[in-house]
Amino acid sequence: MTKRALITGVTGQDGSYLAELLLDEGYEVYGMVRRSSTERFERIEHLRDRLHLVHGDLLDGSSLGRVLEESEPDEVYNLAAQSFVPTSWTEPVLTAQFTGLGVTRLLEALRSTRRDVRFYQASSSEMFGKVLESPQSETTPFYPRSPYGVAKVYGHYITVNYRESYDLFAVSGILFNHESPRRGLEFVTRKVSHAVASIKLGLKDELRLGNLDARRDWGFAGDYVRAMWAMLQRDEPADYVIATGESHTVGECVEVAFAHVGLDWKQHVVQDERFMRPAEVDLLVGDPSKARAELGWEPEVRFAELVRMMVDADIELLSR
Ligand code: NAP
Ligand code: F7E
């Protein structure tokens, strides 16, 4: 029988890659979208006639119940969130509502409608924040450093709690930063790749950035959605860290991107206080051993290849 999946956040970076993967696996895919005065479905435009779009919002529990009744999913992937860390300082309450309480609303809707659904929660390496050990694994304690990180810790533990309280098949993937040509323009990798492409094409000359020393474990979103799916195919629910195990600075990302088009980054990059954060996550590096052993998951795209892929895609985009 054809399996059905519901993806919240289907219009986001991960939602679009996951929808592609599930459609390829033969699923009937439902995507939850929220009302907006203008539709912004660029990332799923190529999938529109193969997807069922249903209206709902994480802020409205009744809409979630309706979406579940309409889609009758076997698997639910909760990817919707306010996901930009700096916005979580300027809109901390809204971030808590979307990214934290939204998870409870969805779990409650699930619990009261269907109990045999498998549930995936998009947890984040931002929960490790001011890291208490390196590399970070499933047993590393959390120390979030932003309202976003705090909200994700809540979403993580409410998922664990519903699993343990109600015997739900509910799992959290603790995903480290993952990027792609579909990444939002405000995140640092895409900001860099888009600026490098613009500079190369003579459309601008300067790139203003914040902390160049922050280290992240960056992988490719297309690889990471395979891990989400694999987690829901296990016999028993469990949480997994998904990462490459390699860490690089923002400065290295800048260097690789500019070098790829034959430019010297020092001629173009300006440090700007406005992009510094009130509290920084200095270093993240994940240990994906459990995912490797139990899910057979491996990242295929590595750091430098990822950065070059994004620069090439932005050059193509801006040349059109
Ligand atoms: P993204 O591109 O920012 O997408 C977020 C999605 O959430 C969008 O589809 C957005 O819809 C939707 N959304 C936001 N608020 C909503 C609400 N109130 N009701 C319904 N939908 C709402 O994020 P992403 O990079 O794909 O990340 C997917 C998930 O993984 C997020 O939960 C993120 O926090 C988490 N995560 C991401 C990373 C990463 O490196 N990418 C790492 C760890 C965890 P609109 O299009 O309408 O705005
Ligand atoms: O920042 C530094 C910044 O915004 C990465 C989200 O998907 O991954 C993402 O969160 C680093 C930080 O991602 C600029 O200070 C320097 O140290 O690309 P980012 P993030 O905050 O790590 C996690 C795993 C998630 O879960 C989140 O949803 O880059 N940085 N200069 C800058 N960052 C930005 N955005 N802009 C700058 O100009």
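The following exercises, each with a worked solution, concern a predicted model of a protein chain with two ligands.

Residues are numbered from 1 along each chain as its sequence is written, and chains are lettered from A and ligands numbered from 1 in the order in which they are written. Because the model is predicted, local features need pLDDT of at least 70 and side-chain atom pairs count only at pLDDT 80 or more, while totals for chains, interfaces and linings use all residues; side-chain values use heavy atoms, with hydrogens and water left out.

**Exercise 1. Describe the overall form of the protein chain.**

Step 1. The secondary structure comes to ten helices and 13 strands. Helices (H or I, at least four residues) and strands (E, at least two) are DSSP runs, numbered from the N terminus.

Step 2. Along its principal axes, the C-alpha trace spans about 60 × 45 × 40 Å.

Step 3. A compact globule of 320 residues would have a radius of gyration near 20 Å, and the 19 Å of the protein chain agrees with this. The radius is taken over C-alpha atoms, and the globule rule is 2.2 Å times the number of residues to the power 0.38.

Step 4. Of the 320 residues, 53% count as buried. Buried means under 20% relative accessible area, exposed over 50%, and partly exposed in between (1.4 Å probe, protein chains only).

**Exercise 2. Determine which residues and elements surround ligand 1.**

Step 1. There are 24 residues around ligand 1, and Thr11, Asp14, Arg34, Ser83 and Tyr148 come nearest. A residue is near a molecule or strand if one of its heavy atoms lies within 4 Å of it.

Step 2. The shell divides into ten nonpolar, nine polar and five charged residues. In this scheme Ala, Val, Leu, Ile, Met, Phe, Trp, Tyr, Cys and Pro count as nonpolar, Asp, Glu, Lys and Arg as charged, and the others, Gly among them, as polar.

Step 3. Three polar contacts can be listed by partner. A polar backbone atom of Gly12 is 3.1 Å from an oxygen atom of ligand 1. The side chain of Asp57 places a polar atom 2.9 Å from a nitrogen atom of the ligand. An N or O atom in the side chain of Arg183 is 3.2 Å from a nitrogen atom of ligand 1. A polar contact is a pair of N or O atoms within 3.5 Å; within protein, one must be able to donate a hydrogen and the other to accept it, and residues adjacent in sequence count only if both atoms are side-chain atoms.

Step 4. Ligand 1 taken alone exposes 900 Å², of which the protein buries 88%. Accessible areas come from the Shrake-Rupley method with a 1.4 Å probe; for residues, only the protein chains shown count as cover.

Step 5. Helix 1 (13–24), strand 5 (118–124) and helix 5 (147–166) are the elements that give two or more residues to this shell. Strand 5 supplies the largest share, three residues.

**Exercise 3. Explain why ligand 2 lies between two domains.**

Step 1. Ligand 2 is surrounded by 22 residues, the closest being Ser83, Ser124, Tyr148, Arg277 and Glu280. By class, nine are nonpolar, six polar and seven charged.

Step 2. Domain 1 (4–178 + 220–242) and domain 2 (184–216 + 246–284 + 302–319) both give residues to the shell, so ligand 2 lies between them. The domain bounds come from an automatic or database domain assignment.

Step 3. A polar side-chain atom of Asn177 lies 2.8 Å from an oxygen atom of ligand 2. A backbone N or O atom of Glu186 is 2.9 Å from a nitrogen atom of the ligand, and the side chain of Arg277 has an N or O atom 2.6 Å from an oxygen atom of ligand 2.

Step 4. The protein covers 95% of the 700 Å² of accessible area that ligand 2 has on its own.

**Exercise 4. Compare the settings of Glu72 and Asp167, two residues with a positive phi.**

Step 1. Glu72 has a phi of about 40° although it is not a glycine; its place is in the loop between helix 2 (61–71) and strand 4 (75–78).

Step 2. For Asp167, also not a glycine, phi is about 60°. This residue lies in the loop between helix 5 and strand 6 (169–175).

Step 3. Glu72 counts as partly exposed at 44% relative accessibility, whereas Asp167 is exposed at 67%.

**Exercise 5. State whether Arg216 is buried or exposed, and what its side chain reaches.**

Step 1. Arg216 is in strand 9 (residues 215–216).

Step 2. With a relative accessible area of 6%, Arg216 is buried.

Step 3. Its side chain reaches the backbone oxygen of Val281 at 2.8 Å.
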